[in-house]
Amino acid sequence: MENETKHFIEQIIDKDLAEGVYDHVQTRFPPEPNGYLHIGHAKSILLNYGLAKKYQGRFNLRFDDTNPTKEKSEFVDSIKEDVAWLGADWEDRLFFASDYFETMYECAVFLIRKGKAFVCDLTAEQIREYRGTLTEPGKNSPYRDRSIEENLELFENMKKGLYQDGEKVLRAKIDMASPNINMRDPVIYRVAHMSHHNTGDAWCIYPMYDFAHPIEDAVEHVTHSICTLEFEDHRPLYNWVVQECEFDHPPKQIEFAKLYLKHVVTGKRYIKKLVEDGTVDGWDDPRLVSISGLRRRGYTPESIQKFVELAGVSKSNSTCEMPMLEYCIREDLKLKEPRMMAVLHPLKLIIDNYPDDQVEYMEVQNNQENPELGVREVPFCKELYIEREDFMEVPVKKYFRLYPGNEVRLMNGYFVTCTEVVKDEEGNVVEVHCTYDPETRSGNGFTGRKVKGTIHWVSARHAVKAEVRLYENIVDEEKGVYNEEDGSLNLNPNSLVILKDCRLEPGLAGAKAPERFQFVRNGYFCVDSKDSRPESLVFNRIVSLKSSFKIEVK
C-alpha cells in the first residue's frame with residue numbers, strides 16, 4: 001500500500017534498493033551553462049534534490065559544459081545562485097563536465113581499441129543522408145571498416161589539431177539498421193577550434209552530449225540519472241556507452257514529464273532577443289519566468305516548491321496555468337508578511353475640523369490573520385492621501401466609498417464625511433475635503449452608526465514617496481505566445497506599468513530587498529533588488545490579491 005502514495009520514480013528507487021542494484025541514492029542536476037534557468041528547470045532541481053534528501057543520499061550540481069560555442073561564466077554564476085536560492089544544497093559536490101575531458105578521451109580511445117568506434121570523413125550533410133529514415137535503415141559509412149591502428153592515429157591527429165572543424169568526426173560503431181536512429185553510428189567527438197570557458201585552449205576536440213553525459217554520471221557514481229521525456233529515445237545509447245566503456249555499477253536513466261507553463265516565454269533564443277532589443281531589462285526582468293526573474297519579482301523558494309509539488313511527477317506531459325503559480329505565492333505570503341498601507345494613485349484628503357498640528361498614532365495589526373506578527377503605530381494627521389479610485393464625485397450604483405455627502409471609515413482611524421471637492425482648471429479633482437467625528441476613533445469601542453465603506457490612507461506629512469511597478473504577463477494571452485505569421489512573440493503592451501508618485505506609510509521607509517509586504521487592497525509587493533535605493537524606493541508587484549485558481553478537494 002505504501003507505494004500507492006509514491007510517484008513512479010520513487011517506486012523505481014525503492015525496487016533498486018530492495019534488490020541491491022544500488023546501496024545508495026545519488027542524483028544530479030546537470031544544466032548546460034548557455035542561459036539562465038527558468039521555472040521548468042526548478043522542477044528538475046527540486047525533484048533531484050528532493051529524492052537525494054528523502055533517501056539520505058547525495059546531490060551533485062554539475063555543469064554540462066561540453067559545447068564551448070554558447071557557454072559563459074555569467075551563466076555558471078547565475079545557475080549556482082538559482083540552485084542555492086531554491087534550497088538545493090550540493091555541499092562540496094560542484095562539478096564540471098569539462099573536468100572529465102581526459103576521461104572522456106580515454107573512453108573514446110578504449111572504444112576504438114575494442115573496435116566500437118571509428119573516425120569518419122563524411123560531412124555532416126553526408127552523415128544525415130547515410131542515416132536513413134524512420135522507415136528505411138541507414139547505410140554504413142565508407143570509413144566504417146578502418147583498422148583500429150588507423151583510427152587511433154587519426155583520432156590522435158584530431159586531438160593535435162591537424163584537421164579543420166567538421167573535417168573528421170569520431171563515431172560509435174553500433175548498427176546502421178537499428179530502428180532507433182540514435183543508435184545508427186552516432187557522432188561522439190567533433191573537431192572544434194574554440195576556447196572553452198573552463199579549459200581554455202587545451203582541447204580542440206569536444207565530446208557530444210550523448211557520449212559525455214553517461215560518462216559524467218558514471219564517474220560521479222550517480223545511481224539514478226533523471227531527465228525529461230525527450231531523452232527517452234536516447235536511453236539505449238546512454239546504456240550502450242556505460243556498458244561498452246565497462247563502468248562498474250552503471251547509472252540508470254529515468255525520464256519524467258517536463259513542467260510546461262501556459263502563455264509564458266521560456267525559449268532561450270526568444271528571451272535573448274527580448275534582452276538584446278531592450279524589451280526587458282535583462283534575464284532577471286520580473287516579467288520573465290526565469291528563476292532570477294521570479295526571485296526579483298518577489299516569489300519565494302517555498303512558493304515554487306509548492307508549485308512543483310502541485311504539478312506532480314509523471315510520464316505524461318501536461319500544462320499548468322499561471323494562476324496556479326500565483327496561488328502558491330499568495331498562500332505562502334498571506335500569513336508571513338505584514339499588511340501595510342500604500343496609496344498608488346494618490347488623492348489629497350483634508351479633514352477641515354481636525355487640529356492643524358495634531359498627530360495621532362493609530363495602533364494597527366501587522367497581519368489580522370496572524371496575531372503573532374504583532375502591531376505597529378501609524379501616524380494620522382489633518383492631511384492624508386487616499387486612493388483616487390476610493391473617491392467618486394458622481395457615484396455609480398452600489399459604490400460605498402467616498403463621495404459628496406457620504407461617510408466612510410478611514411481604516412484604523414475615524415469616520416469622515418465628504419463636504420467639498422476642489423478641482424483644477426481642467427476639471428480634475430485634486431483635493432477632497434471632509435469632516436471627522438472624534439467619537440469614532442478605531443478601537444475606542446464606538447457602537448453608534450455604521451458605515452458600509454472603509455478605505456485606507458497615508459499621512460501626507462509622513463508619507464514615503466516611492467516608485468511602484470505593476471507587472472502582467474509579457475505575453476498577450478488572448479493571442480497566444482507566438483505570432484504564427486512571422487514567428488515573433490505576441491507581446492502584451494501593458495506588461496509593465498510604472499507609477500512614479502506613490503505614497504507609502506512611513507514604516508516602509510527603510511525597506512530593503514528582498515523584503516515583501518501586502519499593500520492593503522493592492523496586492524503583494526517586494527523591494528526591487530536591482531533599482532531600489534534608500535533614497536528612491538522601488539517596489540514590484542508580486543501578485544494581485546484576487547485568485548482564479550482553486551485547489552480540487554478529492
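Start by selecting Trp85 and Arg295: Arg295 lies over the face of Trp85, 5.3 Å from the ring centre. Keep in mind throughout that this is a predicted model.

Now select Tyr163 and Lys168. Here Lys168 lies over the face of the Tyr163 ring, and the distance to the ring centre is 5.0 Å.

**Aromatic pairs**

Show the rings of Phe, Tyr and Trp. The whole structure holds 22 aromatic pairs. Pick Phe63 and Phe96 from the display. Their ring centres are 5.2 Å apart and their planes meet at 20°, so this pair is stacked. Colour the two strands as well: Phe63 belongs to strand β2 (residues 58-63), and Phe96 to strand β3 (residues 94-96). The pair links distant parts of the chain, with the two positions 33 residues apart.

Are these two rings buried or exposed? Phe63 is buried, because its relative accessibility is 0%. Phe96 has 16% relative accessibility and also counts as buried, since the cut-off is under 20%.

Go next to Phe517 and Phe539. This aromatic pair is edge-to-face, with 6.3 Å from centre to centre and 65° between the planes. Again the pair links distant parts of the chain: Phe517 sits in strand β25 (residues 516-519) and Phe539 in strand β27 (residues 537-543), 22 residues apart. Phe517 is buried at 8% relative accessible area. Phe539 is buried too, at 0% relative accessibility.

For a group of rings, select Phe101, Tyr105, Phe155, Tyr189, Trp203, Tyr206 and Phe211. Ring pairs link these residues into a cluster.

**The largest pocket**

Turn on a surface and find the largest pocket, which contains about 1,300 Å³ of space. Which residues should you select to find its centre? Take His38, His41, Glu230, Lys258 and Lys268, the closest to the centre among the 47 residues of the lining.

Then colour the elements around this pocket. On the helix side, α2 (39-54), α3 (73-85), α7 (209-219) and α9 (268-277) each supply at least two residues of the lining. Strands β1 (26-29), β8 (224-228) and β10 (259-261) each supply at least two as well. Colour the lining by class, and you should find 19 nonpolar, 13 polar and 15 charged residues.

**The second largest pocket**

Move on to the second largest pocket, with a volume of about 410 Å³. Select Leu46, Leu47, Gly50, Val308 and Glu309: of the 16 lining residues, these are the closest to the centre. Two or more lining residues come from each of α2 and α11 (301-311). Which element gives the largest share of this lining? The answer is α2, with seven residues. By class, the lining of the second largest pocket has seven nonpolar, five polar and four charged residues. Keep α2 highlighted for a moment, as this helix also lines the largest pocket.

**Last stop: Asn406**

Finish in a loop. Select Asn406, placed between β17 (383-387) and β18 (407-410). With a relative accessible area of 16%, Asn406 is buried, since buried means under 20%. What does Asn406 touch, leaving out residues up to four places away in sequence? Show Phe400, Arg401, Val416, Thr417 and Cys418 to see these contacts.

Technical notes:
Residues numbered from 1 in each chain as written. Predicted model: local features only at pLDDT ≥ 70, side-chain atom pairs only at ≥ 80, totals over all residues. Heavy atoms only, no water. 1 Å grid on protein atoms, 1.4 Å probe; cavity = no way out; pocket = protein on both sides within 12 Å on 5 of 7 lines; lining within 4 Å. Points joined across faces, edges and corners; volume = space filled by probe spheres on them. Helix = DSSP H or I, 4+ residues; strand = E, 2+ residues; numbered from the N terminus. Nonpolar A, V, L, I, M, F, W, Y, C, P; charged D, E, K, R; others polar. Phe/Tyr/Trp six-rings, centres within 6.5 Å; stacked < 30°, edge-to-face > 60°. Buried < 20%, exposed > 50% of the residue type's maximum accessible area, 1.4 Å probe, protein only. Lys NZ or Arg CZ within 6 Å of the ring centre and 35° of its normal. Contact = heavy atoms within 4.5 Å.
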